[in-house]
Amino acid sequence: MSRLVVVSNRVAPITEGEPTAGGLAAGVMDALRHNGGLWFGWSGQTLPDVVPPESLPPGMPPAIARSGPVTLYTTDLTQRDYNEYYRGFANGTLWPVLHDQTALARFDWAEFAGYRRVNTHFARHLADLVAPDDVIWAHDYHLLCLAGQLREMGLRNRIGLFLHTPWPSPSVLMTVPAHAELVRAMAQYDLIGFQTERDRLAFADYIRRELGGEEAAGGLLHVHGRLIRTGVYPIGVQVDALRAEAVAGAGHAQMQALHRALGERELIMSVERLDYSKGLRQRFAAYERFLANHPAWHRRVEYLQIAPPSRSDVEAYQAIRRELEGEAGRINGRFAELDWTPLRYLNRSFPRAALMPLYAAARVGLVTPLRDGMNLVAKEYVAAQDPANPGVLVLSQFAGAARELDAALLVNPHDEAGVAAALDQALSMSLAERQARHAAMLAVMRRNSLERWRDRFEGDLRALPATGARGRAA
């Protein structure tokens, strides 16, 4: 079978003898190891602007690691590339628009040119790496123009794109002045995968209304003389592995210290990257409303919010960090007692193996993004629970996971009173109801596992007819 070539903004490291960190990385690495292949992306390193990558001698980027039949390749970017491609168009324009936060988006044609330039830079290296029958699987919003650049270089390999983010309605996407050029470039992919049917329909709607395309049965889109297949591939988690990590970590010193600190109190827990799309401001406000509306829970519950820093060189993220730190102090100042701190806010990262037993210890998992492609935290929380005595997931209706985990308590994150009421319901819920809801969610997660996500997308991509032109010999 032909090789799989994975392309993403960053590449997960390989450590021999250790599992790959993170569910997505594990799923992709398993696929690569099955048939052999390579993973290509940015190294995370920047070069001085006086040495742009396009001026460097041609050739393959350096291999940074090998693990059996898998090779990882990386390329550096210049500081200008980083500013225009990554900080600029990808995260200053696309990220807020994809999450319906248009008020936080900016647009600059120079940044869009930088985004196209880095996609071309990736494509140049890939053209030197891929063989004619290789299958190329690109990931996420950083690489919307990659297939277009590869086609211009003469490659006719099967190329697929999976979007981990949501996809906005046409009216929201059109706030980006380069929207038509962007989607025309995306039309050079053979398969585009989305997290939910809502996202897929929004993309198809744009193709029909703005590009004059047509939609056929089976998610096929005809546009500009090309046939694109679209599909829904909800990403999952490795349920049994996560539960095993939760059990293995239950006796660690960190967990013993947590249990001593909690005493008889129940734990509400949330883990989200520090990002405005995650609804952290609204979540703190809803918890404050819960404490105000339900004084019977005072001293009987604590809320632990872990928010690892994200894109800390972007002003919008610096601002939300300052605001959350201030709100945490204000809420504690209003409700805390000498022997009770109602809100613990930790602005740092924890390894997954440490998070799983924390999830398992929490009576409530609070996951309320304003908009999310999927949100694997919700699924990880459910997987980590003890089926005999599970906690309750309170989940935003605007997370992709809500399409599958409808046995959670679904809430509108903009409704402070509604979220507060859901917290009271979750903490008061009987064991029988908790078990029934957990079993229903677990059954869905086993059907839509990480392995099934990976195998369905790769299988559908490989099943597409080859378009008959070349790749370059590796």
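Analyst: Welcome! One definition first: a helix axis is a line fitted to C-alpha atoms over the stretch in contact, and angles between axes run from 0 to 180 degrees, taken between N-to-C directions. Please keep in mind that this is a predicted model.

User: Thanks! At roughly what angle do the axes of helix H13 and helix H15 cross?

Analyst: Two packed helices are described by the angle between their axes and the distance between the axes. Helix H13 covers residues 376-384 and helix H15 covers residues 431-447. Their axes come within 10 Å, and the crossing angle is roughly 115°.

User: Is the crossing of H13 and H15 left-handed or right-handed, and which residues of H15 make the contact?

Analyst: As H13 passes H15, the crossing is left-handed. On the H13 side, the contact uses Lys379, Val382 and Ala383. By class, the contact has 5 nonpolar, 1 polar and 1 charged residues. The partners from H15 are His438, Met441, Leu442 and Met445.

User: Let's look at the whole chain. How much area do domain 1 and domain 2 bury between them?

Analyst: Domain 1 takes in 4-235 + 452-463, while domain 2 spans 239-447. The contact draws on 24 residues of domain 1 and 20 residues of domain 2. The size of an interface is often given as the accessible area lost when the parts come together. Here, with 53% of it on carbon and sulfur atoms, that area is about 1,800 Å².

User: How far apart are the C-alpha centres of the two domains?

Analyst: For this one, we take the C-alpha centre of domain 1 and that of domain 2. The separation between these two centres is 31 Å.

User: Why does isoleucine 159 count as buried or exposed?

Analyst: Isoleucine 159 sits in strand S6, residues 158-162. Setting aside residues up to four places away in sequence, isoleucine 159 touches Ile136, Ala147, Leu150, Arg151, Tyr189, Asp190, Leu191 and Leu461. The cut-off for buried is under 20% relative accessible area. Because its relative accessibility is 0%, isoleucine 159 counts as buried.

User: And alanine 90: which residues does it touch, leaving out those up to four places away in sequence?

Analyst: Alanine 90 belongs to helix H2, residues 79-98. With 0% relative accessibility, alanine 90 counts as buried. Its contacts are Tyr85, Trp95, Tyr115, Tyr141 and His142.

User: How far is alanine 90 from valine 444 in space?

Analyst: Along the sequence, alanine 90 and valine 444 are 354 residues apart. Going from C-alpha to C-alpha, their separation in space is 33 Å.

Terms used:
Residues numbered from 1 in each chain as written. Predicted model: local features only at pLDDT ≥ 70, side-chain atom pairs only at ≥ 80, totals over all residues. Heavy atoms only, no water. Helix = DSSP H or I, 4+ residues; strand = E, 2+ residues; numbered from the N terminus. Left-handed = near helix turned anticlockwise from the far one by under 90°. Contact = heavy atoms within 4.5 Å. Nonpolar A, V, L, I, M, F, W, Y, C, P; charged D, E, K, R; others polar. Buried < 20%, exposed > 50% of the residue type's maximum accessible area, 1.4 Å probe, protein only. Domains from an automatic or database assignment. Buried area = accessible area lost by both parts, 1.4 Å probe.
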